[in-house]
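Below is a colleague's note, in numbered points, on helix packing, an aromatic pair and several individual residues. Please read the points alongside the sequence and the structure.

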Amino acid sequence: MAHLVDELDLPGHAFYALDTRGHGLSPGPRGHAPSFAALVKDLDCLVAHLNQDDGVATDDLMIVAQSIGAVIAAGWVHDYAPELRGMVLAAPAFRVRLYVPFARQWLALGRSLFGPFHVTSYVSSSMLTHDVGRAVSYDEDPLVTRPISVDLLLELAAAGDRLVQDAAAITTPTFLLLSGADAVVDSAAQHAFFVNLGSPIRERYVAEGFFHDTLGERDRADVLRRVRGFIQARFGEPVETVSWLDAHRRS
């Protein structure tokens with residue numbers, strides 16, 4: 001995601017990145033977290049750190065997240081209800097394509113019979129992007145972690161279902177960015193999430209022909225222009241807050 005700092009071309013904005021637990025240079029077993037809720041809590045801890053140490057107010061923050069990171073971001077906004085400026089969710093992995101019939105049921109059965117184990121991701125660089133340079137960097141990056149614990153995989157699936165079904169509780173301004181040729185995640189769940197969103201400010205754009213790495217595809221200039229426009233529009237207006245005093249009338 002680091003390429004976005006330059007490519008979004010937003011002078012005057014500070015950028016912060018979270019190295020997800022169990023990935024990159026963060027500590028802990030690779031591809032593992034105690035729970036999906038722990039990953040959401042990690043994001044909340046980062047925001048608390050920015051509030052306390054850097055003096056950045058939550059309502060001055062915009063989140064840009066992709067894939068599983070987008071599910072974590074949506075989970076934080078849903079569960080913690082922060083007064084956030086907005087969020088950009090690119091190719092959120094609300095439902096991962098497992099390609100094996102009843103895969104979740106088989107994984108749950110295997111977990112109950114054999115205890116915790118790891119599942120190695122089938123995703124290759126050729127499924128992520130048409131950008132040859134980014135594909136090569138993915139293949140050669142020693143910090144890329146392909147295995148994921150079965151517990152976390154099952155919790156991610158359950159969290160995705162919950163967020164899609166209860167998206168009406170999310171009122172944060174949201175830009176949903178989807179890839180038209182995404183073979184990694186199910187687009188039906190993404191569209192259902194958008195339809196169910198409770199935010200009065202919401203946008204959706206499908207980048208036709210894009211693979212899963214929506215923000216890192218070869219022809220991403222137009223996509224990043226749209227993301228930049230959404231971010232600038234949200235910072236150009238007062239923070240959107242929604243009153244729940246009449247929820248019994250309109251909920």
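1. Ser67, leaving aside its neighbours within four places in sequence, is in contact with Ala90, Ala91, Pro92, Ala93 and His212. The residue itself lies in the loop between β1 (62-66) and α3, and Ser67 is buried, since its relative accessible area is 17% and the cut-off for that class is under 20%. Please keep in mind, here and in what follows, that this is a predicted model.

2. The helix that follows this loop, α3 (residues 68-80), packs against helix α6 (residues 150-165), the two axes coming within 10 Å and crossing at roughly 55°. That angle makes α3 oblique to α6, and α3 passes α6 in a left-handed crossing. On the α3 side the contact is made by Ile68, Val71, Ala74, Gly75, His78 and Asp79, which meet Leu156, Arg162 and Leu163 in α6. Sorted by character, the residues of this contact of α3 with α6 comprise 5 nonpolar, 2 polar and 2 charged.

3. Helix α6 also packs with helix α4 (residues 103-114), here at an angle of about 140° and with the axes 10 Å apart. The helices α4 and α6 are therefore oblique to each other, an angle having to be over 145 degrees to count as roughly antiparallel. The crossing of α4 and α6 is left-handed. From α4, the residues Arg104, Leu107, Ala108 and Arg111 meet Val150, Asp151, Leu153, Leu154, Ala157, Ala158 and Asp161 in α6. The residues of the contact of α4 with α6 divide into 7 nonpolar and 4 charged, with no polar residue among them.

4. A further partner of α6 is helix α7 (residues 187-196), and the axes of this pair come within 8 Å and cross at roughly 35°. Leu163, Val164 and Gln165 in α6 meet Ala189, Ala192, Phe193 and Asn196 in α7. In the contact of α6 with α7 there are 5 nonpolar and 2 polar residues, and no charged ones. A reader following α6 along its contacts will notice that Leu163 is listed in the contact with α3 and is listed again in the contact with α7.

5. How many aromatic pairs does a search of the whole structure find? The search finds 3, and one of them is formed by Phe175 and Phe230, a tilted pair with 5.5 Å centre to centre and 35° between the planes. Because Phe175 lies in strand β5 (residues 174-179) and Phe230 in helix α8 (residues 221-235), the pair ties together parts that are 55 residues apart in sequence. Phe175 and Phe230 are both buried.

6. Phe235 also lies in helix α8, but in contrast to the buried Phe230 it counts as partly exposed, with a relative accessibility of 27%. Not counting residues up to four places away in sequence, Phe235 touches His13, Asp60, Leu61, Met62 and Arg85. As for Arg85, its C-alpha atom and that of Phe235 are separated by 7.1 Å, although the two residues are 150 residues apart along the chain.

7. Arg134 has its place in helix α5 (residues 132-140) and is partly exposed, with a relative accessible area of 25%. Its contacts, once neighbours within four places in sequence are left aside, are with His3, Thr129, Asp213, Gly216 and Arg220. The C-alpha atoms of Arg134 and Asp213 are separated by 9.6 Å, the two residues being 79 residues apart along the chain.

8. Two backbone conformations deserve a remark, given that most residues other than glycine have a negative phi. Asp9 has a positive phi of about 50° although it is not a glycine, and this residue is found in the loop between α1 (3-7) and α2 (36-53). Ala81, which is not a glycine either, likewise has a positive phi of about 50°. Ala81 lies in the loop between α3 and β2 (86-90), and it counts as exposed, because its relative accessibility is 57% and the cut-off for that class is over 50%.

How values were computed:
Residues are numbered from 1 along each chain as its sequence is written. This is a predicted model: local features need pLDDT of at least 70, side-chain atom pairs count only at pLDDT 80 or more; totals for chains, interfaces and linings use all residues. Side-chain values use heavy atoms; hydrogens and water are left out. Axes are lines fitted to C-alpha atoms, for helices over the stretch in contact, and angles run from 0 to 180 degrees between N-to-C directions. Helices (H or I, at least four residues) and strands (E, at least two) are DSSP runs, numbered from the N terminus. Angles under 35 degrees count as roughly parallel, over 145 as roughly antiparallel, 65 to 115 as roughly perpendicular and the rest as oblique. A crossing is left-handed if the near helix is turned anticlockwise from the far one by less than a right angle, and right-handed if clockwise. Contact means heavy atoms within 4.5 Å. Ala, Val, Leu, Ile, Met, Phe, Trp, Tyr, Cys and Pro count as nonpolar, Asp, Glu, Lys and Arg as charged, and the others, Gly among them, as polar. Rings of Phe, Tyr and Trp (its six-membered ring) pair if their centres lie within 6.5 Å; planes under 30 degrees apart count as stacked, over 60 as edge-to-face and the rest as tilted. Buried means under 20% relative accessible area, exposed over 50%, partly exposed in between (1.4 Å probe, protein chains only).
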